[in-house]
Amino acid sequence: MESSTALYVGRFAPSPTGDLHFGSMVVAVGSWLRARASGGEWIVRMEDVDRSRTLQGASARILQVLDAHGLASDRPVLTQDADQSRFGAALDSLIAAGHAYACDCTRADVRATGGVHRACIAEIATSIKRPATWRLRVP
């Protein structure tokens with residue numbers, strides 16, 4: 001077996017939907033400590049993909065709180081929104097390979113199948129269609 005020389009990378013990924021709360025701060029400290037104990041790096045990635053819930057200025061306030069407690073990202077702060085083209089290419093690849101499919105089923109629809117959901121079964125009765133969710137086919 002070949003030994004790995006890969007650097008440990010810890011990550012904290014808050015959603016900028018409001019100010020940093022105590023529970024998230026505990027998670028941040030824990031991931032920072034693990035990265036430091038492993039001799040690795042610690043990065044922050046903002047989970048800003050839910051645009052309807054993202055609050056203006058929340059990312060900056062979260063970073064200010066982390067910085068005030070000595071928790072600065074070792075790399076430039078990443079944002080999920082900035083990677084949309086990369087995510088789109090990955091999704092296109094999964095769809096082309098038959099590993100993902102569009103589905104309009106609700107969570108209740110999925111629960112009704114016992115959580116095993118291999119194809120879209122929703123019957124959309126309205127003329128306004130919800131945007132499809134992309135589901136992964138898992139053997």
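# A guided tour, beginning at helix α2

Select α2 and turn to the face directed away from its buried side: the exposed residues there are Gln64, Asp67 and Ala68. The model on display is predicted.

Keep α2 selected and bring up Ala58, Ile62 and Leu66, the buried residues of this helix. These residues lie on the same side of α2, because they cover an arc of only 75 degrees around the axis. Display the surroundings as well: the buried residues of α2 pack against β1, α1 and β2. To leave the helix, move on to Gly70, which follows α2 and has a positive phi, near 75 degrees.

**The whole chain**

Zoom out and colour by secondary structure. Four helices and five strands make up the elements of the chain. Read from the N terminus on, their order is β-α-β-α-β-α-β-α-β. Colouring by accessibility shows another aspect of the chain: of its 139 residues, 21% are buried. A contact map adds that, among contacts with a separation of 6 or more, 73% are between residues 24 or more positions apart.

**The sheet**

Next, select β1, β2 and β3. Together these three strands form an open sheet in the order β1-β2-β3, with parallel pairing. Its edge strands are β1, residues 9-12, and β3, residues 78-79, each of which pairs on one side only.

Return to α2, residues 58-68, with the sheet in view. This helix packs on the sheet and touches β1 and β2, and its direction makes about 160 degrees with that of β2.

Begin the strands with β1. Which residues of β1 belong to its covered face, and which to its uncovered one? Gly10 and Phe12 are on the covered face, while Val9 and Arg11 are on the uncovered face. Four bridges join β1 to β2, and the two strands run parallel. To locate one point of this pairing, label Arg11 and Ile43, since Ile43 in β2 is the bridge partner of Arg11.

Cross to the other neighbour of β2. Strand β2, residues 41-46, pairs with β3 in the parallel sense over two bridges. Label Met46, which stands opposite Thr79 in β3. Then add helix α1, residues 22-37, to the view: α1 packs on the sheet and touches β1 and β2, with its direction at about 145 degrees to that of β2.

**Helix α1**

Select α1 by itself. The helix has 16 residues and reaches 22 Å from its first C-alpha to its last, close to the 22 Å expected at 1.5 Å a residue. Highlight Ser24, Met25, Ala28, Ser31 and Ala35, the buried residues of α1. The arc that these residues cover around the axis is only 130 degrees, so they are on the same side of α1. Rotate the view to the other side of α1, where Phe22, Arg34 and Ala37 are exposed.

What covers the buried residues of α1? The covering elements include β1, β2 and α2. Beyond the helix, select Gly39, which follows α1 and has a positive phi, near 70 degrees.

**Asp48**

Move to Asp48, in the loop between β2 and α2. Is Asp48 buried or exposed? Asp48 counts as buried because its relative accessible area is 14%, below the limit of 20%.

Show the side chains around this residue. Leaving aside residues up to four places away in sequence, Asp48 touches Pro16, Thr54, Thr79, Gln80 and Asp81. Thr79 has already been labelled, as the residue in β3 opposite Met46. Draw a distance between the C-alpha atoms of Asp48 and Thr79: they are 6.5 Å apart in space, and the two residues are 31 residues apart in sequence.

**The cysteine pair**

Finish the tour at Cys103 and Cys105. A disulfide is a covalent bond between the sulfur atoms of two cysteines. The cut-off used here is a pair of cysteine sulfur atoms within 2.5 Å. By this rule the model contains zero disulfides. Cys103 is in no disulfide, and the nearest cysteine sulfur, that of Cys105, is 3.4 Å away.

Why does Cys105 form no bond with Cys103? The sulfur of Cys105 is 3.4 Å from that of Cys103, its closest cysteine sulfur, and this is too far for a bond. Colour both residues by accessibility to complete the view. Cys103 is buried, with a relative accessible area of 1%, and Cys105 is buried, with a relative accessible area of 6%.

How values were computed. Residues are numbered from 1 along each chain as its sequence is written. This is a predicted model: local features need pLDDT of at least 70, side-chain atom pairs count only at pLDDT 80 or more; totals for chains, interfaces and linings use all residues. Side-chain values use heavy atoms; hydrogens and water are left out. Buried means under 20% relative accessible area, exposed over 50%, partly exposed in between (1.4 Å probe, protein chains only). Two strands pair if DSSP finds at least two bridges between them. Contact means heavy atoms within 4.5 Å. Axes are lines fitted to C-alpha atoms, for helices over the stretch in contact, and angles run from 0 to 180 degrees between N-to-C directions. The expected span of a helix is 1.5 Å times one less than its number of residues. The arc is that of the directions from the helix axis to the C-beta atoms.
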